[in-house]
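Here is a short report for a reader new to this structure. Look over the sequence and the model, then read on.

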Amino acid sequence: MTPIESLTIPDAPTIARWRDDFPILRTRVHGKPLVYLDNGATTQKPTAVIEAERDYYMHANANVHRGVHWLSQRATRDYEGARARIASFLNAAEPEEIVFVRGTTEAINLVAQSDVRGRIKPGDEILISAMEHHSNIVPWQLVCEQTGAQLRVVPIDDSGTLDFEAYERMINARTRIVAVTHVSNALGTINPVERLIDIAHAHDVPVLLDGAQAVAHVPVDVRALDCDFYAFSGHKIYGPTGIGVLYAKANRLKAMPPWQGGGDMIRSVTFERTEYNDIPWKFEAGTPNIAGAIGLAVALDYVRAIGIEVIGRHEAQLLADATEAMRAVPRVRLIGTAQDKAAIVSFVHEDVHAHDVGTILDHCGVAVRAGHHCAMPVMQRFGVPATVRASFALYNTREDIDALVAAMRKVQEVFGR
Ligand SMILES: Cc1ncc(COP(=O)(O)O)c(C=O)c1O
């Protein structure tokens, strides 16, 4: 793979072409052009994805795996074809390692309940980090409540970097799973996941990576990483909402019991006994989000056509520019200054609450997230109630950063500071 630093930064006409693919970016908000910097919450969708969903409902809508009729077979082919393209995007060994779920949250709950709950005992431990999203905390707390296991949290330093030595100390013979985020949504930190996995595997501990904030920004090769589980949401990588992926190594999936029961996840049912389907269908009870799966595969094709490394290079430049620009804004303090970061700039204004900053930015047409970002423990770690977060995507530009900075000047004017 080409190192990201050696790629040239995409030029303005290239980015303008990418922007043209996203019709919503032509929206005006409060009379101003929309500057969309809330990509960490969800990304916008290119025409190709919107058209793919529309096309499915116009020409191919039928239930999957159940019909002998032509439409059902076509829907099944497209749905399973989407699975194969997603497997290839992640470099999974086989499509059967891709389980369709609603999103990252559901993927983590599936692993917690199906894989971990059954093999964890009182006194065992689950290891997460202090920078996790609630969806990589609460499912583990539930398992701990159900089993008497203990949740342990690897600390982070003042820059938002994981304390690797603490991690090495904390993993032990009682650890049953390591569940960490690949990229932090609240801080932007990119975790050294290869090293985390190496250490965990040396202790025979499987690793789940929460890839919600990573997959659209950094190359993900699940086989090179050798992670046991990788979870992400379609809507954060230019795909539809309500669809996501749990990647898991085939031997793990085979060993895991089903999580939800219903249609499609069975081979045969009698009142005495049910025989379950093969993987991955064993984990896909009920009619799935067929249009969503097809739309997600198109979104990944779109990213692949541009090149994740090219996107990464562009976003690295945006991060550098935005960091410098925001550092120059009086009374602003950045939260999350790790060496290795994705294009997320989280900050507080020393005098103005994040929600007020967010509201004024909105009036300037700039959409950011203001709040705790579903990562309350991160806010507690940094002693702030909330931050403002500008999170970037492939269609953002230097002009978007200028608009953000200009809107921050408005904040100063309104609050007289
Ligand atoms: C790091 C991280 N993990 C998990 C999630 C949950 O994703 P979803 O709500 O799509 O399930 C998010 C969403 O913001 C996230 O940023």
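## Where the two domains meet

Between domain 1 and domain 2, 25 residue pairs are in polar contact, both partners being at pLDDT 80 or more. On the domain 1 side, the elements giving two or more residues to this meeting surface are α11 (308-327), β14 (344-349) and α13 (376-382). Helix α13 gives the largest share, six residues. By type, the domain 1 residues that touch domain 2 divide into 22 nonpolar, 10 polar and eight charged.

This is a predicted model. The protein chain is divided into two parts: domain 1 covers 3-45 + 308-416, and domain 2 covers 49-305. Their centres, taken over C-alpha atoms, are 28 Å apart. The contact draws 40 residues from domain 1 and 34 residues from domain 2.

How much area is buried between domain 1 and domain 2? The figure is about 2900 Å², and carbon and sulfur atoms give 57% of it. Three residues stand out on the domain 1 side. Lys45, Ile308 and Arg381 supply 21% of the area that domain 1 buries against domain 2, more than any other three residues.

Arg381 has a further role in this account. It forms a salt bridge with Asp158, with the closest N and O atoms 2.8 Å apart. The count of salt bridges between domain 1 and domain 2 is one.

## Around the ligand

The ligand is surrounded by 13 residues. The closest are Thr105, Asp210, Gln213, Ser233 and Lys236. For three side chains, the distance from a polar atom to an oxygen atom of the ligand is listed below.

| Residue | Distance from polar side-chain atom to ligand oxygen |
|---|---|
| Gln213 | 2.7 Å |
| His235 | 2.7 Å |
| Lys236 | 2.6 Å |

## The loop between β12 and α10

Now turn to one loop. It runs between β12 (274-276) and α10 (290-306), and Asn277 lies in it. Which residues does Asn277 contact, leaving aside its neighbours within four places in sequence? They are Asp264, Met265, Ile266, Arg267 and Lys282. A polar atom of the Asn277 side chain lies 3.0 Å from the backbone oxygen of Asp264.

Pro280 is found in the loop between β12 and α10 as well. A cis peptide bond joins Ile279 to Pro280, with omega about 0°. Most peptide bonds are trans.

The whole structure holds 25 salt bridges. One of them pairs Glu284 with Arg83, the closest N and O atoms being 2.8 Å apart. Glu284 lies in the loop between β12 and α10, whereas Arg83 lies in helix α3 (residues 70-90), so the pair ties together parts that are 201 residues apart in sequence.

## A positive phi

Another loop deserves a look. Asn91 lies in the loop between α3 and β4 (98-101). What is the phi of Asn91? It is positive, about 60°, although Asn91 is not a glycine. Most residues other than glycine have a negative phi.

Technical notes. Residues numbered from 1 in each chain as written. Predicted model: local features only at pLDDT ≥ 70, side-chain atom pairs only at ≥ 80, totals over all residues. Heavy atoms only, no water. Domains from an automatic or database assignment. Contact = heavy atoms within 4.5 Å. Buried area = accessible area lost by both parts, 1.4 Å probe. Salt bridge = Lys/Arg side-chain N within 4 Å of Asp/Glu carboxyl O. Polar contact = N/O pair within 3.5 Å; in protein donor to acceptor, adjacent residues only side chain to side chain. Helix = DSSP H or I, 4+ residues; strand = E, 2+ residues; numbered from the N terminus. Nonpolar A, V, L, I, M, F, W, Y, C, P; charged D, E, K, R; others polar. Near = heavy atom within 4 Å.
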